[in-house]
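This report introduces a protein chain to a reader who has not met it before. The sequence and the structure are shown first, and the description follows.

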Amino acid sequence: MIALDSVVGELHIVNGRRQSITPSTGAFTAPRRGARGRQEDTLFILIDADGSSSSSIPELIQHIHQTYWHTPGSVTAGVRTAIETGNNWLVDHNRTAAGSTRAGVTCAVLRGSEVFIAQAGPSCAYVAHQGRLERFPRGDVAGSSLPPLGVARAVEVRYSRADLQPGDMLLLVDADFPARMPEEAIASAIVYVGVETALNNLEHLAGSDSFHALVVELAAAAPLEASVQAALPPAPSRSAAREPPAPERAPSRAPGAAAPRPAPAVGEWAGALGKGVARSAGSLGAAFGALFQRTLPDRPVSRQTRRRGPAALERHTSLMTAIAIGIPLIVALVVTAMYLDRSTTAQVATFLDDARQLIADADREPTLDAKRERWQAALTKANAALALAPDDPLALELRTQTQAQLDRLDGTQRVSPVLLYDFEQAGSHRLVAQGVSLFVLDQAEGRIDRLTLNSRGDGIEGGEPALAAAKGITVDDRVVGDLIDIAWVDAGGQRQKSALIVLERGGLIEYDLAFGPAAVRFAEAPVRTGARRLDTFEGNLYILDVIERQIWKYLAAADGYTALPEVYFQTPPSGIETAIDLAIDGNVYILLTNGTVYKYRGGSEAPFSVSGLPEPLGRPVAVSVDPYTPTDSGVYIADVAGARIVHFTADGQFVRQVRAVGGEFAALEDLLVDERAGRLYVISGGRLYSAALPPAIPR
């Protein structure tokens with residue numbers, strides 16, 4: 001993986017005029033004492049604020065970037081904690097400030113040749129990669145649907161990732177910028193033009209509008225050793241020692257642009273400083289050696305030997321200069337190191353004292369919410385201490401204690417997912433299982449892969465998946481169209497065999513485990529425009545149609561699904577046009593984007609009322625039931641905002657929430673629950689994971 005450096009330009013336009021100060025953007029490199037794994041990161045932040053006062057923006061940026069550098073774990077875990085910290089500060093600030101500030105934030109982390117983008121509230125980012133422009137968040141009008149920061153404690157964060165190459169560009173900009181500017185114009189302004197030209201182009205595009213932007217151009221990083229050598233002057237020859245050096249040309253930089261990514265510069269300074277200290281120490285040692293020699297009895301020498309010529313005087317002058325420079329430098333370094341060490345120790349002690357006090361206060365709080373707030377604050381303090389002293393035993397103990405207590409209060413069980421396969425592209429994946437076979441639909445790539453589990457269910461036989469079906473292939477003289485959804489259908493009714501059923505734009509195909517793909521006769525081809533989700537029960541098909549606001553039920557026949565469908569709803573439920581998933585175990589469960597779950601049986605609505613949930617569903621993406629367990633066993637919902645799987649009873653009572661020990665659930669796309677085998681399968685960030693599903697703990 002090639003390492004990339006960045007050249008940064010910041011732009012603030014007010015009524016068409018460029019400003020000299022850009023308070024809403026920032027570019028930061030890792031501090032000297034950051035959390036492990038952050039040393040090579042560069043963090044870019046843009047705040048899109050809509051409030052009565054903008055004075056809070058610089059402090060909000062400060063809270064976000066300082067928290068990121070001192071939060072251990074993955075990039076996504078770091079930026080999520082940083083955004084949550086910033087949001088909590090803004091909520092508290094709005095309670096006491098004269099005016100309320102609401103904001104969106106885009107954080108982009110450059111690590112090697114990857115950029116990780118986290119967005120909350122109204123936000124917008126572009127990546128220009130190999131001449132092509134992509135906007136984030138995907139599939140949303142500039143993130144306008146995300147609730148802003150500063151309103152509530154819960155915050156919804158969307159994650160994206162992109163691979164970069166030298167010459168690519170990253171643009172962070174206001175959320176409403178895409179509505180005012182065609183994408184073609186934005187691409188023309190930033191693709192392959194360099195930072196200075198990009199800033200000028202964006203300023204020209206702004207016209208009389210107001211906006212702010214941060215532009216990042218990626219370039220190959222020079223090797224550190226070469227950079228250090230380039231920073232040091234060459235050793236002059238005797239004949240050239242007195243010649244004045246040729247003036248160096250300062251590197252060009254865009255107006256308003258920050259310097260190139262400073263990590264190599266810090267390395268150069270440190271390298272030069274280290275060599276200077278070494279040379280000074282060597283000269284100092286020589287000086288003390290000379291002084292020591294002079295304390296010994298002199299040997300008889302001639303006057304000629306003791307006479308100092310010009311060369312001797314020059315060496316003597318150089319020695320004295322080295323001593324004069326070296327001693328203060330060494331003393332300064334020692335004093336600075338001692339000061340920093342004592343300062344860090346004091347900070348750690350303060351964090352730990354605060355954590356212990358918060359834990360003591362938690363026991364005296366009268367309500368569960370108040371107790372939780374105290375324990376959460378104690379955990380934040382323990383993590384802050386560990387960011388400065390990762391091996392501190394008391395900080396480790398307090399973190400374990402506070403996290404365990406929060407898990408008990410929130411009904412959280414933690415699992416350690418095992419990576420089964422990395423599809424290397426996050427997006428819209430769908431997951432189906434039958435026995436030891438797992439099927440993964442990648443809608444963006446238009447393909448279905450089959451993976452075979454090992455006997456333990458924690459690995460893939462052969463290491464690689466096999467292609468089951470794909471858009472564009474020919475099946476029984478029919479070219480397969482866009483893939484919509486997949487489901488496993490069991491033999492039942494007039495259906496004689498079990499198979500994977502695939503809903504594609506041209507109709508239906510099925511995949512037999514023994515014989516592969518085949519066409520299936522279908523009453524409605526092409527498929528209805530509003531078809532989004534497919535599920536099966538007792539051999540029959542159920543298709544969720546968000547345009548017609550209906551579920552269509554297709555009865556199995558001996559030769560396929562040849563009869564026109566039955567309508568499932570006489571009166572469709574409110575909001576079904578926003579439905580995102582469907583699950584059937586005898587009951588029909590419908591999940592809406594806002595977290596509402598409808599439950600139906602035989603076309604009639606049945607009770608399902610969410611209750612007891614410690615934190616509302618932030619951004620649900622999938623619902624799952626196990627059709628092979630008794631009806632009303634359990635309903636599982638993947639909530640990407642909370643990086644969790646939430647387990648409810650069949651009538652909506654909260655049972656527990658399952659979280660990963662690490663950041664594996666940070667970008668959930670789909671889930672599958674096998675209660676009989678006690679296994680959980682998820683797709684998250686394009687990666688397929690398996691985890692043991694622990695028995696639910698009675699609460």
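## An open sheet and its surroundings

Four strands form an open sheet in the order 14-40-39-38, and their pairing is antiparallel. Strand 14 (418-422) and strand 38 (668-674) occupy the edges; each has a single partner strand, so one side of each is left without a neighbour in the sheet. From one strand to the next, the twist averages 20°. The model described here is a predicted one.

In general, the strands of a sheet pair through backbone hydrogen bonds, in either a parallel or an antiparallel manner. Within this sheet, strand 38 and strand 39 pair in the antiparallel sense over six bridges. One of the residues concerned is Val-673, whose bridge partner in strand 39 is Leu-680.

Strand 39 covers residues 679-684 and includes Ser-684. Is Ser-684 buried or exposed? Ser-684 has a relative accessible area of 4% and is buried, because the term applies to values under 20%. A polar atom of the Ser-684 side chain lies 3.2 Å from the backbone nitrogen of Ala-667. When residues up to four places away in sequence are not counted, Ser-684 touches Glu-664, Phe-665, Ala-666, Ala-667, Leu-668, Glu-669 and Tyr-689.

## The chain as a whole

The chain contains 11 helices and 40 strands. Of its 699 residues, 46% count as buried. Among the contacts in the chain with a separation of 6 or more, 60% are accounted for by residues 24 or more positions apart.

## Helices

Two packed helices are described by the angle between their axes and by the distance between those axes. Helix 1 (residues 56-69) and helix 2 (residues 75-96) pack at an angle of about 145°, and their axes are 8 Å apart. Their crossing is right-handed. On the side of helix 1, the residues that meet helix 2 are Ser-56, Glu-59, Leu-60, His-63, Ile-64, Thr-67 and Tyr-68. Helix 2 contributes Val-75, Gly-78, Val-79, Thr-81, Ala-82, Thr-85, Gly-86, Trp-89, Leu-90 and His-93. By type, the residues of this contact divide into eight nonpolar, eight polar and one charged.

Helix 9 spans residues 310-362, and Phe-351 lies in it. With a relative accessibility of 21%, Phe-351 counts as partly exposed. Which residues does Phe-351 touch, not counting those up to four places away in sequence? They are Lys-381, Ala-384, Ala-385 and Leu-388. Phe-351 and Thr-380 are 29 residues apart along the chain, and their C-alpha atoms are separated by 9.0 Å.

## A hairpin and the loop that follows

Strand 7 (residues 124-129) and strand 8 (residues 132-136) pair in the antiparallel sense over five bridges. His-129 has Arg-132 in strand 8 as its bridge partner. The two strands, 7 and 8, form a hairpin with two residues between them. In its turn, Gln-130 has a positive phi of about 50°.

The loop between strand 8 and strand 9 (158-163) holds Pro-137. The peptide bond from Phe-136 to Pro-137 is cis, with omega near 0°.

## Further backbone features in loops

Most residues other than glycine have a negative phi, and most peptide bonds are trans. Another cis peptide bond is the one joining Ala-525 and Pro-526, with omega about 5°. Pro-526 belongs to the loop between strand 24 (516-522) and strand 25 (531-537).

Positive phi values also occur at Glu-424 and at Arg-549, neither of which is a glycine. The table places each of these residues in its loop.

| Residue | Phi | Loop | Relative accessibility |
|---|---|---|---|
| Glu-424 | about 65° | between strand 14 and strand 15 (429-434) | 65% |
| Arg-549 | near 55° | between strand 26 (540-545) and strand 27 (550-554) | 30% |

Glu-424 counts as exposed at its relative accessibility of 65%, whereas Arg-549, at 30%, is partly exposed. The loop that holds Glu-424 begins after strand 14, which is one of the edge strands of the open sheet described at the start.

Definitions and conventions: Residues numbered from 1 in each chain as written. Predicted model: local features only at pLDDT ≥ 70, side-chain atom pairs only at ≥ 80, totals over all residues. Heavy atoms only, no water. Axes fitted to C-alpha atoms, helices over the stretch in contact; angles between N-to-C directions. Left-handed = near helix turned anticlockwise from the far one by under 90°. Contact = heavy atoms within 4.5 Å. Nonpolar A, V, L, I, M, F, W, Y, C, P; charged D, E, K, R; others polar. Buried < 20%, exposed > 50% of the residue type's maximum accessible area, 1.4 Å probe, protein only. Polar contact = N/O pair within 3.5 Å; in protein donor to acceptor, adjacent residues only side chain to side chain. Pairing = 2+ DSSP bridges.
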